[in-house]
Amino acid sequence: MSELASPGQLRAAFLRWSLFLVPGILLLGFFSGQAANSGPGNPWFVDLVKPEIYPPPAAFGIVWSILYVMMGVALAMIVTARGAPGRGVAIFAFVFQLLLNLAWSPLFFGAHQISAALVLLGVLVVALAGTIFLFHAVRPLAAYLLVPYLAWVLFASALNWQFLQLNPDADGAAGGEAVTSVEFQ
């Protein structure tokens with residue numbers, strides 16, 4: 001029997017995968033940030049000199065949430081493209097770049113490795129560009145959904161570079177520990 005799936009079956013498969021992948025990718029991003037104590041609540045980060053292009057802290061949560069949703073939808077499009085040439089390699093490339101993405105917050109915010117985080121972003125840019133290329137061969141729309149993510153990673157790279165330029169002594173430094181002051185009378 002070599003029947004093709006009906007359009008309704010294809011839509012249902014896409015919906016099922018989206019309902020699994022979108023929240024899954026969102027949660028992975030959230031847990032990566034939480035595990036690294038990323039953002040303005042991190043004492044080491046609070047002490048850093050912020051670049052002029054540094055957006056309001058709330059922008060990061062909003063932008064990353066939107067990007068993770070788009071990434072989940074794009075991946076669902078590829079996963080449900082059964083029989084498409086290059087599908088397996090595209091999925092592998094996506095997982096690889098996602099692991100790089102998830103490693104950035106622990107490296108930057110957790111380990112305070114600004115230089116290493118910048119190198120990681122360089123590798124992520126290349127891996128993401130490759131993923132977009134591979135996605136385009138399977139489902140062009142899935143590739144287009146990743147383009148804003150690439151733009152944001154390029155912006156994050158420039159921001160990371162500026163943090164390194166403005167805070168060379170903070171690269172790899174433990175610093176930023178909370179201090180309690182007690183006065184005796």
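Where is the place of Asn167? In this predicted model, Asn167 comes in the segment after H6. Despite that position, there is not much open surface on this residue: Asn167 is buried, because its relative accessible area is 7%, under the 20% cut-off. Setting aside neighbours within four places in sequence, its contacts are Leu48, Val49 and Ile114.

Stepping back to the whole chain, the secondary structure is quick to describe: six helices and zero strands. Read along the sequence, that gives the pattern α-α-α-α-α-α. The C-alpha atoms fit in a box of roughly 85 × 30 × 25 Å when the box is laid along the principal axes. Of the 185 residues, 39% count as buried. The accessible surface adds up to about 10500 Å², and carbon and sulfur atoms account for 70% of that. As for how the chain meets itself, take the contacts between residues at least 6 apart in sequence: 80% of them join residues at least 24 apart.

Now for the inside. The largest nonpolar core has 50 residues, and Phe108, Phe135 and Leu146 are the ones with the most contacts inside it. Each of the helices H1 (7–35), H2 (43–46), H3, H4 (87–110), H5 (114–138) and H6 puts in at least two residues. H6 gives the largest share of this core, with twelve residues.

Phe108 is a handy place to start looking around. Beyond its neighbours within four places in sequence, Phe108 is in contact with Trp44, Phe45, Leu48, Gln113, Ile114, Ala117, Asn160 and Phe163. One of these partners, Phe45, sits in helix H2. Phe45 counts as buried because its relative accessible area is just 3%, under the 20% cut-off. Leaving out neighbours within four places in sequence, Phe45 touches Gly39, Pro40, Lys50, Tyr54, Phe108, Phe109 and Phe163. For a sense of scale, Phe45 and Arg139 are 94 residues apart in sequence, and their C-alpha atoms are 40 Å apart in space. Contrast that with Gln165 and Val49, where 116 residues of sequence go with a C-alpha to C-alpha distance of 9.7 Å. Gln165 belongs to helix H6, and with 45% relative accessibility it counts as partly exposed.

Next up is a helix pair. Two packed helices are described by the angle between their axes and the distance between those axes. For helix H3 (residues 57–79) and helix H6 (residues 140–166), the angle is about 145° and the axes are 8 Å apart. The crossing of H3 past H6 is left-handed. On the H3 side, the residues taking part are Phe60, Val63, Trp64, Leu67, Met70, Met71, Val73, Ala74, Met77 and Ile78; facing them in H6 are Leu141, Ala142, Leu145, Leu146, Pro148, Tyr149, Trp152, Val153 and Leu159. Sorted by class, this contact has 19 nonpolar residues, with no polar and no charged ones. Leu146 turns up here as well as among the residues with the most contacts inside the core.

Pro55 ties in with this pair. Pro55 lies in the loop between H2 and H3 and, not counting residues up to four places away in sequence, touches Phe60, Phe155 and Leu159. Of these partners, Phe60 and Leu159 also appear in the H3 and H6 contact. Why does Pro55 count as buried? Its relative accessibility is 15%, and the cut-off for buried is under 20%. Pro55 and Asn42 are 13 residues apart in sequence, and 17 Å separate their C-alpha atoms.

Finally, a look at backbone angles in the loops. Most residues other than glycine have a negative phi. Two residues here go the other way. Asn37 is not a glycine, yet its phi is positive, at about 55°. The loop between H1 and H2 is where Asn37 sits. With a relative accessible area of 38%, Asn37 is partly exposed. His112, also not a glycine, has a positive phi of about 60°. His112 is placed in the loop between H4 and H5. Is His112 buried or exposed? His112 counts as buried, because its relative accessibility is 10%, under the 20% cut-off.

Definitions and conventions. Residues numbered from 1 in each chain as written. Predicted model: local features only at pLDDT ≥ 70, side-chain atom pairs only at ≥ 80, totals over all residues. Heavy atoms only, no water. Axes fitted to C-alpha atoms, helices over the stretch in contact; angles between N-to-C directions. Helix = DSSP H or I, 4+ residues; strand = E, 2+ residues; numbered from the N terminus. Left-handed = near helix turned anticlockwise from the far one by under 90°. Contact = heavy atoms within 4.5 Å. Nonpolar A, V, L, I, M, F, W, Y, C, P; charged D, E, K, R; others polar. Buried < 20%, exposed > 50% of the residue type's maximum accessible area, 1.4 Å probe, protein only. Areas by Shrake-Rupley, 256 points an atom, 1.4 Å probe, with all protein chains shown as cover. Core = buried A, V, L, I, M, F, W, Y, C linked by side-chain atoms within 4.5 Å.
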